[in-house]
Amino acid sequence: MTSTELSATPTDTRLRVPGPATPYQSDIARYWDGEARPVNLRLGDVDGLYHHHYGIGEVDHTALGDADDSEHEKKLIAELHRLESAQAEVLLDHLGDIGRDDTLVDAGCGRGGSMVMAHQRFGCKVEGVTLSAKQADFANRRAQELRIPDHVRARVCNMLDMPFATGQAAGSWNNESSMYVDLHDLFAEHSRILEVGGRYVTITGCWNPRYGQPSKWVSQINAHFECNIHSRREYLRAMADNRLVPQAVVDLTPATLPYWELRATSSLVTGIEEAFIESYKDGSFQYVLIAADRV
């Protein structure tokens, strides 16, 4: 089933729980309900895993073939998708030991690609939350197509007020979604739903405090996605205030540049590629993974 068919599925009202709590959150819900960028959809059509994040790793130029090849663009899209799935694999690597009876939570789950990958790897239940009804419907229809709706589910709700019991989750994550919320509120909620010893992981873009202030490139990214990028320092402080103790902080900036440089040569450009490439190169913006344990 293609992205076009999936996006045409009707809304399932049984999945509705309270969503946006502020005018800003309502704006974000409308933004993602209306989003249909080919860069998100055509990459997912490669193998049915629809992501809303970027890629890491070296580009396999042998897989791209000759630029004059009629299949070159198709191969380029497949390579971009391979890199974004590789990013999700790295996030899952940092969740630690997850059992089949555990529950994982994807906060800001998008169209659900990472949730499917998590279930395929661990065999566990994966719950996702998003402000976008369109994204949740898409993710749930995909889970039905894969015959895993009892294990993978997306709900429309606010990640700052998730419908899960205290200590219910063995692990949780934000994959490029934490820039839409206050970090203290976000980490307080993750700390609540995680069991003691549970693992939280985030992969995110953040501005570099050593640069001084957010650069013009960071401001462009904020405006493009209607978000508010935080500094790396803010992440670590907010985690410390909410019983989340970092076990790993990994700078993925060098690993993500090849993805952006390749994407800038594709037909899927959105106009924001220069801001990412230049901010990574001048050091004002970083791409980081932080894994932290709930104590």
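# Helix crossings, cysteines and loops: worked exercises

H11 passes H12 in a left-handed crossing, where left-handed means that the near helix is turned anticlockwise from the far one by less than a right angle, and right-handed means clockwise. This is a predicted model, so local features need pLDDT of at least 70 and side-chain atom pairs count only at pLDDT 80 or more, while totals for chains, interfaces and linings use all residues. Residues are numbered from 1 along each chain as its sequence is written, and side-chain values use heavy atoms, with hydrogens and water left out.

**Exercise 1.** Work out how H11 and H12 are oriented to each other, and which residues make their contact.

*Step 1.* Find the two helices. Helices (H or I, at least four residues) and strands (E, at least two) are DSSP runs, numbered from the N terminus. H11 covers residues 253-263, and H12 covers 273-282.

*Step 2.* Get the geometry. The axes are lines fitted to C-alpha atoms, for helices over the stretch in contact, and angles run from 0 to 180 degrees between N-to-C directions. Here the axes come within 10 Å and cross at roughly 150 degrees.

*Step 3.* Pick the word for that angle. Under 35 degrees counts as roughly parallel, over 145 as roughly antiparallel, 65 to 115 as roughly perpendicular and the rest as oblique. H11 and H12 are therefore roughly antiparallel to each other.

*Step 4.* List who touches whom, with contact meaning heavy atoms within 4.5 Å. H11 brings Thr253, Thr256, Leu257, Trp260, Glu261 and Arg263, and H12 brings Glu273, Phe276, Ile277, Tyr280 and Lys281.

*Step 5.* Sort them by class. Ala, Val, Leu, Ile, Met, Phe, Trp, Tyr, Cys and Pro count as nonpolar, Asp, Glu, Lys and Arg as charged, and the others, Gly among them, as polar. You end up with five nonpolar, two polar and four charged residues.

**Exercise 2.** Do the same job for H8 and H10.

*Step 1.* H8 runs over residues 183-193 and H10 over 232-240. They pack at an angle of about 45 degrees, with their axes 9 Å apart.

*Step 2.* That angle makes H8 oblique to H10. As for handedness, H8 passes H10 in a right-handed crossing.

*Step 3.* On the H8 side, the contact uses Leu183, His184 and Phe187, and on the H10 side Glu234, Tyr235, Arg237, Ala238 and Met239. By class, that's five nonpolar, one polar and two charged residues.

**Exercise 3.** Describe the contact of H9 with H12.

*Step 1.* H9 spans residues 216-225. The axes of H9 and H12 come within 9 Å and cross at roughly 145 degrees, and the crossing is left-handed.

*Step 2.* Trp217, Gln220, Ile221 and Phe225 of H9 meet Glu274, Ala275, Phe276, Glu278, Ser279 and Asp282 of H12. These divide into five nonpolar, two polar and three charged.

**Exercise 4.** Decide how many disulfides the model has, and check cysteine 157 and cysteine 206.

*Step 1.* Use the rule: a disulfide is a pair of cysteine sulfur atoms within 2.5 Å.

*Step 2.* For cysteine 157, the closest cysteine sulfur belongs to cysteine 109, 8.6 Å away, so a bond is ruled out by distance. For cysteine 206, the closest one is in cysteine 227, and 12 Å is also too far for a bond.

*Step 3.* The count comes to zero disulfides.

*Step 4.* Now check burial. Buried means under 20% relative accessible area, exposed over 50%, partly exposed in between (1.4 Å probe, protein chains only). Cysteine 157 is buried at 2%, and cysteine 206 is buried at 0%.

**Exercise 5.** Place serine 231, asparagine 222, glutamate 176 and glutamate 226.

*Step 1.* Serine 231 sits in the loop between H9 and H10 and is buried, at 5% relative accessibility. Not counting residues up to four places away in sequence, serine 231 touches Cys206, Trp207 and Pro209.

*Step 2.* Asparagine 222 lies in H9 and is buried too, at 16%. Leaving aside neighbours within four places in sequence, asparagine 222 is in contact with Cys227, Asn228 and Ile229.

*Step 3.* Glutamate 176 is in the loop between strand E4 (169-175) and H8. Its phi is near 60 degrees, a positive value in a residue other than glycine, and glutamate 176 is buried at 11%.

*Step 4.* Glutamate 226 is in the loop between H9 and H10. Phi there is near 55 degrees, again positive in a residue other than glycine, and glutamate 226 is partly exposed at 37%.
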